[in-house]
Number of protein chains: 2
Amino acid sequence: MEGLMTGTGVPKHVQVREYVRGLLRDAEPGTAAPSERELVHQFHVARMTVRQAMDALVGEGLLERIPGRGTFVAQPRRDVGRLLSYSEEMAARGLLAESQTLLARREQAGPGVARALGVTPGDAVIHWKRLRRADGLPMCLEDAYLNEVLLPGFLQSGMPTSLYDALDSRGLRPTWAEDSIAADIAGQQEAELLEVAQGSPVLRQSRRAIAEEKVVEVSRSVYRADRFTWWVQLGEDH
Amino acid sequence: MEGLMTGTGVPKHVQVREYVRGLLRDAEPGTAAPSERELVHQFHVARMTVRQAMDALVGEGLLERIPGRGTFVAQPRRDVGRLLSYSEEMAARGLLAESQTLLARREQAGPGVARALGVTPGDAVIHWKRLRRADGLPMCLEDAYLNEVLLPGFLQSGMPTSLYDALDSRGLRPTWAEDSIAADIAGQQEAELLEVAQGSPVLRQSRRAIAEEKVVEVSRSVYRADRFTWWVQLGEDH
DNA sequence: TAGTGGTCTAGACCACTAT
DNA sequence: TAGTGGTCTAGACCACTAG
């Protein structure tokens with residue numbers, strides 16, 4: 001027998017929703033959820049209240065309603081290209097990510113960087129260049145600018161291993177990015193740092209990463225084409 | 001004064017929803033929607049019915065509720081990388097897309113193509129190779145396999161200009177794709193067809209395009225790096 | 001036939017916003 | 001103070017599914 005918390009100000013439909021979510025955590029797709037009337041009796045609430053709770057879970061894609069049958073755990077949706085950090089990208093490939101800082105300092109934004117970051121030219125930005133390795137071998141050169149207004153004390157706090165983890169801890173984990181991807185040939189300095197022959201093919205990525213409606217990072221990365229293939233999922237799921 | 005259709009079997013909340021949608025078509029973000037009680041009086045329905053209609057529009061991202069203020073047309077959501085056809089991709093760049101078929105025939109699926117398309121080796125597939133141009137100049141070589149079971153009479157019906165339009169007309173417009181993107185150097189034959197020097201950088205794209213939960217197309221494309229940059233939006237919107 | 005989700009009613013009280 | 005959306009009740013009838 002379950003009861004609802006009272007006096008906490010938490011709406012009943014939220015409590016019912018979270019109860020059902022907890023109930024079905026780790027449940028296989030196809031598992032039956034409690035029926036709406038069952039929850040009505042259990043929590044002594046109106047059916048519309050239960051429906052509001054279930055509606056939310058259906059909207060999330062966790063549950064699926066089948067008229068006349070019941071409500072069931074849905075097949076998990078395809079994961080629409082979640083934004084991965086470099087470490088996560090490499091981990092997904094079974095590679096160990098490492099990073100070597102080439103430059104990290106406070107600068108004044110030039111016109112191009114300012115426009116991309118959505119700040120005023122002259123505003124303080126963090127300029128961070130890294131050579132990124134995977135399983136010990138060079139993989140990528142990254143040249144990033146961060147909006148320093150959003151990240152006070154970032155340089156002083158000691159550079160983090162994962163930028164996205166650091167942003168996450170400030171509630172600024174990027175959930176959206178606009179990328180451009182192009183093929184090119186490595187320049188001389190790039191070739192040296194990436195330890196490839198000059199004229200080797202590379203993948204150039206430009207990124208604008210957005211968190212909480214604000215641009216937190218703009219970057220240009222150069223990946224060794226012989227070590228890196230980019231995977232993307234496009235479109236909308238049903 | 002609006003009225004609801006009766007006897008059509010169309011739920012009231014659907015009719016209210018579509019009425020509001022029509023009312024706000026072409027409305028600027030920030031425009032106020034009718035209040036819930038206003039719609040209650042207008043259509044002589046219960047408020048829960050109106051809320052059900054509005055809930056759907058809020059879920060779609062068309063409307064936004066502001067407690068104590070009202071309901072308003074929301075800022076349009078960022079467009080999560082809608083799947084564009086080649087013609088659409090080029091049009092978005094202000095280029096005119098053309099296509100020259102190099103090969104188009106029925107084949108038996110080999111093991112690799114069969115696995116990618118989700119058919120049995122030996123099943124009939126459509127093999128279609130094209131040289132794609134933009135503003136008259138070579139842009140891309142595409143080598144595609146289509147699931148012929150889903151596309152009966154496709155080859156006989158005359159090859160369409162746009163594959164995605166042709167799929168669309170059969171209700172099989174891909175809404176989802178898994179792409180891989182890599183940088184490479186053009187091979188000899190590729191270089192000739194694309195009219196670039198051998199050793200020029202190219203972008204290689206592999207695609208699995210899915211419509212209605214079925215794989216309809218798998219393809220490999222080679223883009224001239226000097227003419228093509230790929231744009232992607234990643235992540236989930238709020 | 002019993003149970004399910006889908007739809008719908010006619011109210012109610014609340015916190016909040018704007019005037 | 002009047003109006004808004006947020007929450008909630010205690011029922012109802014329907015079409016559909018399953019045993």
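Modeller: Before we start, a nonpolar core here is a set of buried Ala, Val, Leu, Ile, Met, Phe, Trp, Tyr and Cys residues joined through side-chain atoms within 4.5 Å. Keep in mind that this is a predicted model.

Colleague: Okay, how many residues are in the largest nonpolar core?

Modeller: The residues with the most contacts inside that core are Leu203(A), Trp230(A), Leu203(B) and Trp230(B). In general, nonpolar side chains of soluble globular proteins tend to be buried together. The count for the largest core is 59 residues.

Colleague: Which residues of chain B does Leu203(A) contact, leaving aside neighbours within four places in sequence?

Modeller: Within chain A, the partners of Leu203(A) include Phe228(A) and Trp230(A). On the chain B side, Leu203(A) is in contact with Ile181(B), Ala182(B), Ala183(B) and Leu203(B).

Colleague: Moving on to the domains, how far apart are the centres of domain 1 and domain 2 of chain A?

Modeller: Domain 1 of chain A covers 12–73, while domain 2 covers 86–224. Taken over C-alpha atoms, their centres are separated by 43 Å.

Colleague: Now the DNA. Which element gives the largest share of the surface near DNA strand D?

Modeller: That strand is surrounded by 26 residues, with Lys12(A), Ala46(A), Thr49(A), Arg69(A) and Arg65(B) the closest. Sugar and phosphate make up 68% of the strand D atoms that come within 4 Å of the protein. With 4 residues, the largest share of the surface comes from α3(A).

Colleague: Which residue has a polar side-chain atom 3.3 Å from a base nitrogen of DNA strand D?

Modeller: Two other arginines go to the phosphates: Arg69(A) places a polar side-chain atom 3.2 Å from a phosphate oxygen of strand D, and Arg51(B) has a side-chain N or O atom 3.0 Å from a phosphate oxygen of that strand. For the base nitrogen, the residue is Arg47(A).

Colleague: And over on DNA strand C, how far is a polar backbone atom of Ala46(B) from a phosphate oxygen?

Modeller: Ala46(B) is among the nearest of the 25 residues around strand C. A polar side-chain atom of Thr49(B) lies 2.8 Å from a phosphate oxygen of the strand, and a polar backbone atom of Glu36(A) is 3.0 Å from one. For the backbone of Ala46(B), the distance is 2.7 Å.

Colleague: Last one: which residue follows α2(A), and what is its phi?

Modeller: Helix α2(A) spans residues 36–43, with Leu39(A), Val40(A) and Phe43(A) among its buried residues. Those buried residues pack against α1, α3 and β1 of chain A. The helix is followed by His44(A), with a positive phi near 55°.

Key
Residues are numbered from 1 along each chain as its sequence is written. Chains are lettered from A and ligands numbered from 1 in the order in which they are written. This is a predicted model: local features need pLDDT of at least 70, side-chain atom pairs count only at pLDDT 80 or more; totals for chains, interfaces and linings use all residues. Side-chain values use heavy atoms; hydrogens and water are left out. A residue is near a molecule or strand if one of its heavy atoms lies within 4 Å of it. A polar contact is a pair of N or O atoms within 3.5 Å; within protein, one must be able to donate a hydrogen and the other to accept it, and residues adjacent in sequence count only if both atoms are side-chain atoms. Helices (H or I, at least four residues) and strands (E, at least two) are DSSP runs, numbered from the N terminus. Buried means under 20% relative accessible area, exposed over 50%, partly exposed in between (1.4 Å probe, protein chains only). Contact means heavy atoms within 4.5 Å. Domain bounds come from an automatic or database domain assignment.
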